[in-house]
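Reader: Could you take me through some local and cavity features of this model, with the criteria behind each term?

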Amino acid sequence: MSFDAPLLVTFVAYLILILFLGIKAYRRTHSLDDYILGGRKLGSVVTALSVGASDMSGWLLLGLPGAIYLSGLSEIWIGIGLVLGAYCNWLFVSKRLRIYSAQANNSLTLPDYFENRFNDTTRVLRLVSAFVILLFFTFYTASGLVGGAILFENSFGMQYSTALISGGLIIVGYTFIGGFLAVVWTDAVQAVLMFLALLVAPTVVILSSGGTEAVWQQMQAVNPQSTELLSNMTLIGFLSLIAWGLGYVGQPHILARFMAVENPQKLVAARRIAMVWMVLVLFGSVATGLAGIAYFADNPLENPETVFIALSQQLFNPWVAGIITAAILSAIMSTVDSQLLVSSSVISEDFYRVFVRPQASEKELLMVSRGAVIAIALLAMVIASDRESRVLDLVSYAWAGFGAAFGPVIVFSLFWRSMTAASAIAGMIVGAVTVVVWSNLAGGLFDLYEIVPGFALASMVIVIITMLKPASDAQALSTFEKVEQLVKD
């Protein structure tokens, strides 16, 4: 193992800061409500930055720059699709979900919300939604652990397996201690670091290479198609990239931030902050990948997803490189911690409390949640142990799974009074199964990103079943009407 002392010192300093926030959050976590949603006390700025950081993850600094470095500007359509999807999620979903989750018996998790929204006494809806969360979040968490392992491997000369364990221990540590507050506070710090790193790195590359025109010419010399927006683009390929935006309405770790904000009015300012942050960091991520094409023209990278790491280590002195390394880890940590927390909440709130120990104390539920963090992290490590795993591939699978299984259910449940528990269960199952099956097929129409058929089929099933037998439960209908009035106020 070999590394520069300045890089290690700055990196360790960052980790100490994260641990401090975790301990501080621990002192303010007194109940399961605090551990899962922070007592619904988030402000606009923290909500906005936390949503952005938990959303973008290592994909922003590893996956997307790697895709741009490998294929050129045509991959930018992923970013465009995400911006459109995120804006619609903030505009149409955030306020309604915040109000509805509070009115529906103070729901703390998505399975909790689904059951209370439809007054489902069978508990089937809670069970199915909890299973979907655990299934896809395990793969999503694995993507973050792969990203962390790549970072430690390239920065500190570790073996992949050692790097995987090191990154996992760091992330599990503060999530285990501080719960939701630790996650959102560290997310806010991580969002700022990611923002600065993605603006500085491509700017330095461009300036050191003679300006944007020189970089552009170098890119064209390496690959003439790298500067074309629609290079080798088919209709299926274009739709697959844009369709990433569909996934936003079904991501539990993002929706949890909406549910945790102090009051719905603060979501307006949060939306503006989050969208400005998102557009700028996506621009920086794309610019990093493009700059890498020019910078490494004579010595191509073996792993495209290391382009940001390689640029930071070659362009900056070790002290600055240490800060940027911390920023990359921030991006990875900011999503993995959220996924671990949501998954552990599902185990404690939706499985243990409901099916195992209905009379469990708050202390007991907190212990179960913290134990679940460790268990899920270990399972994700097993998946991430494959050295050939790609961050973007794992993220795209989990993103599609949540988008197709939960997206249509969330949208229809918030806007359609007549929707029923039966249609929600059917839509959820159809969406999840379609993603799993479609992702294992290839050629022709099956090259379309699996979120598209999954979302479409789930929506179709929900509409058909609801129209055949609309909702008649008085309590569910009354709550919907109350929420409609609160949304208008």
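Reader: In which helix is Val 205 found, and is Val 205 buried or exposed?
Author: This is a predicted model, in which local features need pLDDT of at least 70 and side-chain atom pairs count only at pLDDT 80 or more, while totals for chains, interfaces and linings use all residues. Residues are numbered from 1 along each chain as its sequence is written, and side-chain values use heavy atoms, with hydrogens and water left out. Val 205 is found in helix H7, where helices are DSSP runs of H or I with at least four residues, numbered from the N terminus. Because its relative accessibility is 0%, and buried means under 20% relative accessible area, exposed over 50% and partly exposed in between (1.4 Å probe, protein chains only), Val 205 in H7 counts as buried.

Reader: What distance separates the C-alpha atoms of Val 205 and Tyr 295?
Author: Along the chain, Val 205 and Tyr 295 are 90 residues apart. In space, the separation of their C-alpha atoms is 7.4 Å.

Reader: What is the volume of the second largest pocket, and which helix gives the largest share of its lining?
Author: A pocket is defined on a 1 Å grid over the protein atoms alone as an open set of points with protein on both sides within 12 Å along at least five of seven lines, whereas a cavity is a set of points where a 1.4 Å probe fits but cannot get out; lining residues have an atom within 4 Å of a point. Grid points are joined across faces, edges and corners, and a volume is the space filled by probe spheres set on the points. The lining of the second largest pocket has 22 residues, with Phe 283, Gly 284, Val 286, Ala 287 and Leu 290 nearest its centre, and H4, H7, H8 and H11 each supply at least two residues. The volume is about 400 Å³, and the largest share, eight residues, comes from H11.

Reader: How many cavities of 30 Å³ or more does the structure hold, and which helix gives the most to the lining of the second largest cavity?
Author: The structure holds four cavities of 30 Å³ or more, and the second largest has a volume of about 70 Å³. Of its 13 lining residues, Val 51, Asp 55, Ala 86, Trp 90 and Met 278 are the closest to the centre. At least two lining residues come from each of H3, H4, H10 and H11, and the helix that gives the most, with four residues, is H11.

Reader: Where is Asn 106 found, and what is its phi?
Author: Most residues other than glycine have a negative phi. Asn 106 is found in the loop between H4 (76–103) and H5 (110–118), and with a relative accessible area of 36% this residue is partly exposed. Its phi is positive, near 50 degrees.

Reader: What is the phi of Arg 123?
Author: Arg 123 is found in the loop between H5 and H6 (124–156), and its relative accessible area of 32% makes it partly exposed. Although Arg 123 is not a glycine, its phi is positive, about 70 degrees.

Reader: How far apart in space are Trp 416 and Thr 466?
Author: Trp 416 is found in the loop between H15 (391–415) and H16, and is partly exposed at a relative accessible area of 23%. Trp 416 and Thr 466 are 50 residues apart in sequence, and their C-alpha to C-alpha distance is 9.6 Å.
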